[in-house]
Amino acid sequence: MLNRECLGCHAGPAAPGGLSLESAARLRSGGRHGPLFTPARGAESLLVRYLTGAMQPQMPPGKPLSLETIAVMRRWIDEGAVVDTFRTPGETGGILRGALPQSTRRRGPAAGVRSARRTSLPAPVRQSAPATALALAPDGRQLAVGGYRSVRLLDPNTGTVVETLSGPADQVLGLTWSPDGKHLAAAGGISGVGGEVCIWEGSGTGHWAAPRHLQEHSDSIQAITWRPGHRQFATAALDRTVRLWDADTGKVLRTLTDHVDAVWGVAYSVDGRWIASASGDRTAKLYNAATGRKVASLAHAEAVTALTFSPKGDLLVTAAADRQVRVWPVREGPIENPLRSRSEEEPVNALAFSADGAAFAWGASNRRVRLWSGDVQQQTRELRDAEDWLYAITLSSTATQVFAAGADGRVYCWETATGRLLWKK
Ligand code: HEC
């Protein structure tokens, strides 16, 4: 994040505010106002206060970061401000520059941790990693949950962990099952460094072979989705591209480069005919999946962060940092206006339809889950049990249960008919 959002200005001998972010040591020593943070004290740190605008001018100037990103920075300081995502925090060359750690390339991501530099300052508050992705297996018998470098497989009836798989580098931000349930793919990567996809092949009886690791994106991957009816999947990344992959060969078939900012979401229509992407450039784009030709550009007032198609394929729903959720018609040719808009008090981070199309749900930063009729006309229920920002949501195929997960790492399961919380883990 620092590399992407700050280094353009905060580098070199005349860095503004006397603050250079070119190395981990420079980051620690801070600028004109002294050190940017004391480990374990994120909320009161200069860094966080400049990001929220409590200290002026707000950073980055004219382009405030999302609340989620600021929360990640705060939390990183609370946990001790350890720089552990790259090999040697050298004094030159940018704190997050360079290739993925060699160890990650050869043996999978866990090895990179060893380079962590410990601090002798106050003991950091240890928090569980956020749960940032959810995907229910096509047969509904396993719920995959993406966390820090790992994927947990839960029994959806009880929330009990059945198995834990070692995932891609850093936070797992996307998860997708192949329609036959034989493959599970997880995506993540290191911000400013590179994206990574892990694909497991299973026998269906809980035996997963060691995953394949694919690395083509030059920045972390935010979303991944299988193409229905094909042995292909698509990824969306901070490097501004969407890539379409052949799942058998691991080769990129096509790269979509229409966005001019980070891409946060990608979705296929159930008939595999359309693909759509959501971007920080304030648009969602709709493409013909077979040709990669862009069909429409759908506008929001701020970054578009999530999107999904209705199972019938007639609607595309987008959510943006402007707190709006928009429902668009899906068709060839110009699409100027949404059919309808819904709004939330805080950004909506995750959207889902049930496979039968009967229900739609979202999860937001105000900890709410809202359930809607399948045409997103009527709100049917509001669920308030979650204790932290919600980042991921999914519904069982006939909408009998809704699952959500978020910043505190907890996963929730409600019965949709009654709104009763069935379990929380
Ligand atoms: C477009 C250029 C630009 C970008 C991008 C930018 N800054 Fe700044 N930053 C400035 C300028 C100019 C100042 C001096 C402001 C002043 O005091 O008038 C500053 C000052 C600061 C200070 C105060 C330092 C001190 O001790 O006075 C902090 C902290 C800071 N920036 C953090 C960040 C962070 C973190 C980012 C990325 C998230 C960022 N900035 C991105 C231009 C930028």
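Two strands pair when DSSP finds at least two bridges between them. That rule underlies the strand views below, and the model shown is predicted.

**Figure 1. The S11-S12 hairpin is joined by 4 bridges.** Strand S11 covers residues 242-246, and strand S12 covers residues 252-256. The two run antiparallel. Arginine 243 stands opposite threonine 255 in S12. Tryptophan 245 has valine 252 of S12 as its bridge partner. Between the strands of this hairpin lie 5 residues. Glycine 250 in the hairpin takes a positive phi near 75°.

**Figure 2. The hairpin belongs to an open sheet of 4 strands.** The strand order is S9-S10-S11-S12, and the pairing is antiparallel. Strand S9 (221-226) and S12 stand at the edges. Each has a single partner strand, so one side of each lacks a neighbour in the sheet. From one strand to the next, the twist averages 20°. In a regular strand, side chains alternate between the two faces of the sheet.

**Figure 3. Arginine 240 has a positive phi in the loop before S11.** The loop runs between strand S10 (232-237) and S11. Phi of arginine 240 is about 80°, although the residue is not a glycine. Most residues other than glycine have a negative phi. Is arginine 240 buried or exposed? Arginine 240 is buried, because 20 other C-beta atoms lie within 10 Å and the cut-off for burial is 20 or more.

**Figure 4. Arginine 149 also has a positive phi, near 55°.** Arginine 149 is a residue other than glycine. Its place is in strand S3, residues 148-154. How many C-beta neighbours does arginine 149 have inside 10 Å? There are 22, so arginine 149 counts as buried.

**Figure 5. Two cis peptide bonds precede prolines in the loop between H3 and H4.** One runs from glutamine 56 to proline 57, with omega near -5°. The other joins methionine 59 and proline 60, where omega is about -15°. Proline 57 is found in the loop between H3 and helix H4 (67-78). Proline 60 has its place in the loop between H3 and H4 as well. Most peptide bonds are trans.

**Figure 6. The ligand is surrounded by 20 residues.** Which residues come nearest to the ligand? They are Cys6, Cys9, Pro16, Gly17 and Gly31. Helix H3 (residues 46-52) gives the most to the shell around the ligand, with 3 residues. What classes of residue make up the shell? The shell has 12 nonpolar, 6 polar and 2 charged residues.

**Figure 7. The whole protein chain has 5 helices and 28 strands.** This view sets the close-ups in context. The protein chain has 425 residues, and 46% of them count as buried. Among contacts in the protein chain with a separation of 6 or more, 46% come from residues 24 or more positions apart.

Methods. Residues numbered from 1 in each chain as written. Predicted model: local features only at pLDDT ≥ 70, side-chain atom pairs only at ≥ 80, totals over all residues. Near = placed C-beta within 6 Å. Nonpolar A, V, L, I, M, F, W, Y, C, P; charged D, E, K, R; others polar. Axes fitted to C-alpha atoms, helices over the stretch in contact; angles between N-to-C directions. Buried ≥ 20, exposed ≤ 12 C-beta atoms within 10 Å, placed from the backbone. Contact = placed C-beta atoms within 7 Å.
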